[in-house]
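This report looks at a few side chains and their surroundings. Please have the sequence and the coordinates at hand while reading.

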Amino acid sequence: EYTYSMGNPLLGPSATDRISLRTTLFNGYTVGLNYNYTNDGIIRLPENVDGILYTTPQRGMKNTNYSAYVGIPVKLGQWGMLDFSVNYSLLEQSYQDRHSSNSQWAFNLSGLFHLPKDFSINVDFSDATPLKSMYGKGVSNPMGDIRINKSFLKRSLNVSLIFADIFNSYGSFKREYY
């Protein structure tokens with residue numbers, strides 16, 4: 001009722017230059033570095049008119065993202081495995097006379113647990129610190145999925161029961177514009 005998003009059919013695609021280096025070290029540890037650069041990207045510009053927020057896509061956004069990643073696997077013998085990862089990102093944005101530089105930490109814990117009778121459980125939990133952009137701030141909420149799997153026919157058929165977004169992260173997502 002108070003938010004309108006408009007399109008812009010005159011915008012063409014934008015391109016991003018990306019360099020990614022990733023290596024796996026002893027015992028399966030993963031280390032990575034990423035660089036992304038967009039010179040003429042698309043930004044959704046917010047405008048508050050009499051309490052109604054209008055957003056319109058425009059071209060001209062410069063976006064640079066540097067990130068570092070570390071993944072740490074933990075083997076649980078025959079019962080499964082855990083994988084913990086942490087990612088740090090530095091985001092630099094500019095559009096016309098506005099510039100911003102912000103950072104974010106992101107965490108992920110994934111696990112696979114083997115159970116008797118060809119059952120298994122996959123869990124995936126992640127969270128991140130809020131990330132500010134030039135025109136707003138996203139509020140981060142934890143994400144979590146649980147999958148219960150059962151294999152049939154000598155593991156050629158898998159059936160899963162999925163509990164997705166158990167923290168209702170999408171339902172409670174908010175973005176503040178300024």
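How many salt bridges does the count come to by this rule? The count comes to 1 salt bridge, in what should be read throughout as a predicted model.

## The salt bridge

The pair consists of R59 and D40, whose closest N and O atoms are 3.9 Å apart, a distance that satisfies the criterion of a side-chain nitrogen within 4 Å of a carboxyl oxygen. Side chains of opposite charge can pair when their charged atoms come close. The salt bridge links distant parts of the chain, since R59 belongs to strand 4 and D40 to strand 3, with their positions 19 residues apart in the numbering.

R59 has a relative accessible area of 23% and is therefore partly exposed, and D40, with a relative accessible area of 38%, is likewise partly exposed.

## T38 in strand 3

T38 is placed in strand 3, which covers residues 30-49, and it counts as buried because its relative accessibility is 10%. The side chain of T38 is joined to that of T16 by a polar contact of 2.7 Å. When residues up to four places away in sequence are not counted, T38 touches S14, A15 and T16 as well as M61, K62 and N63.

## T64 in strand 4

T64 lies in strand 4, which spans residues 52-75, and its relative accessibility of 9% is why T64 counts as buried. Once neighbours within four places in sequence are left aside, T64 is in contact with Y35, N36 and Y37, and also with L90, L91 and E92.

Terms used
Residues are numbered from 1 along each chain as its sequence is written. This is a predicted model: local features need pLDDT of at least 70, side-chain atom pairs count only at pLDDT 80 or more; totals for chains, interfaces and linings use all residues. Side-chain values use heavy atoms; hydrogens and water are left out. Helices (H or I, at least four residues) and strands (E, at least two) are DSSP runs, numbered from the N terminus. Buried means under 20% relative accessible area, exposed over 50%, partly exposed in between (1.4 Å probe, protein chains only). Contact means heavy atoms within 4.5 Å. A polar contact is a pair of N or O atoms within 3.5 Å; within protein, one must be able to donate a hydrogen and the other to accept it, and residues adjacent in sequence count only if both atoms are side-chain atoms.
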